[in-house]
Amino acid sequence: QVQLMESGGGSVETGEPLTLSCRFFGNIGGSYCMAWFRKKPGKDREGLAAIYLGGGKTFYSDAVKGRFEISQDNAGNTLYLRMNSLRPEDTASYYCAADYGACLRESSWWRGDWYNYWGHGTQVTVSV
């Protein structure tokens with residue numbers, strides 16, 4: 001049984017940073033792909049970043065490349081999303097997700113339907 005639990009959301013002002021965390025439990029090994037998504041009201045779910053736990057290879061969407069950074073802790077049970085220079089358009093619910101093979105689909109890692117396990121989300125609000 002795999003469980004994911006996000007934390008770290010909150011309200012910040014434009015330009016401020018914020019780091020989200022995702023604790024994961026269960027049988028998630030080195031061949032897993034873990035990712036961050038976000039969902040804005042009235043919009044489709046958006047893949048932001050992914051990391052292949054086996055080798056550390058990372059993937060980013062054009063929307064966040066250079067501003068956001070995905071990483072995992074050395075203990076191997078927490079995923080992070082460091083978000084810099086936040087903008088009001090980054091306001092959304094943020095979710096972490098996991099799947100055994102999503103990162104192997106390098107051209108479509110951002111598709112939410114590849115991921116079998118999801119957290120419940122954490123809200124990020126960026127004010128002007």
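Five bridges join strand S1 (residues 3-7) to S3, and the two run antiparallel. That's a handy way into this chain, which is a predicted model. Beyond the strand pairing, there are two disulfides in the whole structure, five aromatic pairs, and a largest nonpolar core of 28 residues.

**Strand pairing**

- Start at S1: Gln3 has Phe25 as its bridge partner in S3.
- S3 also pairs with S8, this time through six bridges, and again the two strands run antiparallel.
- For a concrete contact point there, take Arg23, whose bridge partner in S8 is Thr78.

**Disulfides**

- Cys22 and Cys96 make one of the disulfides, with 2.0 Å between their sulfur atoms.
- The S-S torsion of Cys22 and Cys96 is about 55°, so this disulfide is right-handed.
- Cys22 belongs to strand S3 (residues 18-25) and Cys96 to strand S9, so the bond ties together parts that sit 74 residues apart in sequence.
- Cys22 and Cys96 are both buried.
- Cys33 and Cys103 form a disulfide too, their sulfur atoms 2.0 Å apart.
- The torsion about the S-S bond of Cys33 and Cys103 is about 60°, so this one is right-handed.
- Here Cys33 comes from strand S4 and Cys103 from the loop between S9 and S10, so parts 70 residues apart in sequence get tied together.
- Cys33 is buried, at a relative accessible area of 0%, and Cys103 is buried as well, at 4%.
- If you number the bonded cysteines of the protein in sequence order, the pairing reads 1-3, 2-4.

**Aromatic pairs and cluster**

- The count of aromatic pairs comes to five.
- In one of them, Phe37 and Tyr115 have ring centres 5.2 Å apart and planes at 75°; anything over 60 degrees counts as edge-to-face, so that's what this pair is.
- The Phe37 and Tyr115 pair links distant parts of the chain: Phe37 is in strand S4 (residues 33-39), while Tyr115 is in the loop between strand S9 (92-99) and strand S10 (117-118), 78 residues apart.
- Both partners are out of the way of solvent by the numbers: Phe37 is buried with a relative accessible area of 1%, and Tyr115 counts as buried at 4%.
- Phe59 and Trp109 give a tilted pair, with 6.0 Å centre to centre and 35° between the planes.
- That pair also links distant parts of the chain, with Phe59 in strand S6 (residues 58-60) and Trp109 in the loop between S9 and S10, 50 residues apart.
- Phe59 is buried, with a relative accessible area of 8%, and so is Trp109, with 5%.
- Phe37 and Tyr115 turn up again with Trp118, as the three form one aromatic cluster.

**Arginines over Trp114**

- Arg105 lies over the face of Trp114, 3.8 Å from the ring centre.
- Arg111 has its charged end over the ring of Trp114 too, at 4.5 Å from the centre.

**Nonpolar cores**

- Within the largest nonpolar core of 28 residues, those with the most contacts inside it are Leu4, Ile28, Met34, Leu79, Leu81, Met83 and Tyr94.
- At least two residues of this core come from each of S3, S4, strand S5 (46-52), strand S7 (68-72), strand S8 (78-83), S9 and strand S11 (122-127).
- Another core, of 10 residues, lies apart from it, and its members include Ala35, Ala50, Trp109 and Tyr115.
- Leaving out residues up to four places away in sequence, Tyr94 touches a long list, including Glu6, Leu20, Phe37, Arg38, Phe68, Leu81, Met83 and Val124.

**Around Ile51**

- Ile51 lies in strand S5 and counts as buried, at 5% relative accessibility.
- Ile51 and Cys33 are 18 residues apart in sequence, yet their C-alpha atoms are 5.7 Å apart in space.
- With residues up to four places away in sequence not counted, Ile51 touches both Cys33 and Cys103, the two cysteines that form a disulfide.
- Other contacts of Ile51 include Tyr32, Met34, Gly56, Thr58, Ile70 and Leu79.

Methods
Residues are numbered from 1 along each chain as its sequence is written. This is a predicted model: local features need pLDDT of at least 70, side-chain atom pairs count only at pLDDT 80 or more; totals for chains, interfaces and linings use all residues. Side-chain values use heavy atoms; hydrogens and water are left out. Rings of Phe, Tyr and Trp (its six-membered ring) pair if their centres lie within 6.5 Å; planes under 30 degrees apart count as stacked, over 60 as edge-to-face and the rest as tilted. Helices (H or I, at least four residues) and strands (E, at least two) are DSSP runs, numbered from the N terminus. Buried means under 20% relative accessible area, exposed over 50%, partly exposed in between (1.4 Å probe, protein chains only). A charge sits over a ring if NZ of Lys or CZ of Arg is within 6 Å of the ring centre and within 35 degrees of the ring normal. A disulfide is a pair of cysteine sulfur atoms within 2.5 Å. A nonpolar core is a set of buried Ala, Val, Leu, Ile, Met, Phe, Trp, Tyr and Cys residues joined through side-chain atoms within 4.5 Å. Contact means heavy atoms within 4.5 Å. Two strands pair if DSSP finds at least two bridges between them.
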